[in-house]
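Here's a quick tour of one protein model, for anyone who likes to poke around in a fold. Have a look at the sequence and the 3D view before reading on.

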Amino acid sequence: MNKPMQCEDDLLCGVNTVADMENMTSLEKEHVVVISAPEHIRANEPFDVTIEVGEHMSHRIEPTHYLDFIDLYADDTYIARLGLTPLATSPIMRVRVSLTHIHDTLRAFAHCNIHGTWEGRMQIHISE
Ligand SMILES: [Fe+2]
């Protein structure tokens, strides 16, 4: 009988995050999900969110190793998805958002076909 693996020992199980932003491994540097947006947001006012995958080096885009989607959430609320192919894309998503509810965190998920799902977070403050 096969013994089940621990999820944290398998990149394809669960969601991966960078353990220490000051000391990233080369795998983390290629997969870190970086969100750029204003920290202070007014409810119902549009603002731009940019999500990039990779710090100092964008995640590679090759026929056999690529990102196939980037998702944006406000806390647990789904906001947007960018679908990517390995043919002519870069791992960058830009979207204009208007939030109508109180949220604390923008969360972005990027899925690599080899290294699984990676999450980045950014704290936000929403006012009237
Ligand atoms: Fe990858």
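Which residues does Glu 52 touch, leaving aside those up to four places away in sequence? Keep in mind that this is a predicted model. The contacts of Glu 52 are Val 32, Val 33, Val 34, Pro 91 and Ile 92. Glu 52 itself sits in strand S4, residues 47–53, and it counts as partly exposed, with a relative accessibility of 32%. Take Val 32 from that set: 20 residues separate it from Glu 52 in sequence, and the C-alpha to C-alpha distance is 8.2 Å.

Val 32, Val 33 and Val 34 turn up again in the lining of the largest pocket. That pocket has a volume of about 190 Å³. The rest of its lining is Thr 17, Val 18, Met 21, His 31, Ile 35, Trp 118, Glu 119, Gly 120 and Arg 121. Sorted by class, the lining has seven nonpolar, three polar and two charged residues. Strands S2 (33–36) and S9 (116–123) each put in at least two residues, and S9 gives the most, with four.

His 31, one of the pocket-lining residues, also has a job at the metal: it is among the residues that coordinate the iron ion. The full set is His 31, His 59, His 65, Cys 112 and His 115, at 2.1 to 2.4 Å. Along the chain, these donors follow the spacing H-x27-H-x5-H-x46-C-x2-H. His 31 lies in helix H1 (residues 26–31) and His 115 in the loop between strand S8 (105–112) and S9, so this pair ties together parts that are 84 residues apart in sequence.

How do those two histidines compare with the partly exposed Glu 52, given that buried means under 20% relative accessible area? Here they are side by side:

| Residue | Relative accessibility | Class |
|---|---|---|
| His 31 | 1% | buried |
| His 115 | 15% | buried |
| Glu 52 | 32% | partly exposed |

Now for the sheet. S9 and S8 belong to an open sheet of five strands, ordered S1-S9-S8-S5-S6, with mixed pairing. Strand S1 (15–16) and strand S6 (77–83) are at the edges with a single partner strand each, so one side of each has no neighbour in the sheet. S6 runs antiparallel to strand S5 (residues 67–74), and six bridges join the two. Within that pairing, Tyr 73 has Tyr 78 of S6 as its bridge partner.

Key. Residues numbered from 1 in each chain as written. Predicted model: local features only at pLDDT ≥ 70, side-chain atom pairs only at ≥ 80, totals over all residues. Heavy atoms only, no water. 1 Å grid on protein atoms, 1.4 Å probe; cavity = no way out; pocket = protein on both sides within 12 Å on 5 of 7 lines; lining within 4 Å. Points joined across faces, edges and corners; volume = space filled by probe spheres on them. Nonpolar A, V, L, I, M, F, W, Y, C, P; charged D, E, K, R; others polar. Donors = N, O, S within 2.8 Å, 3.2 Å for Na, K, Ca; no water. Buried < 20%, exposed > 50% of the residue type's maximum accessible area, 1.4 Å probe, protein only. Pairing = 2+ DSSP bridges. Contact = heavy atoms within 4.5 Å.
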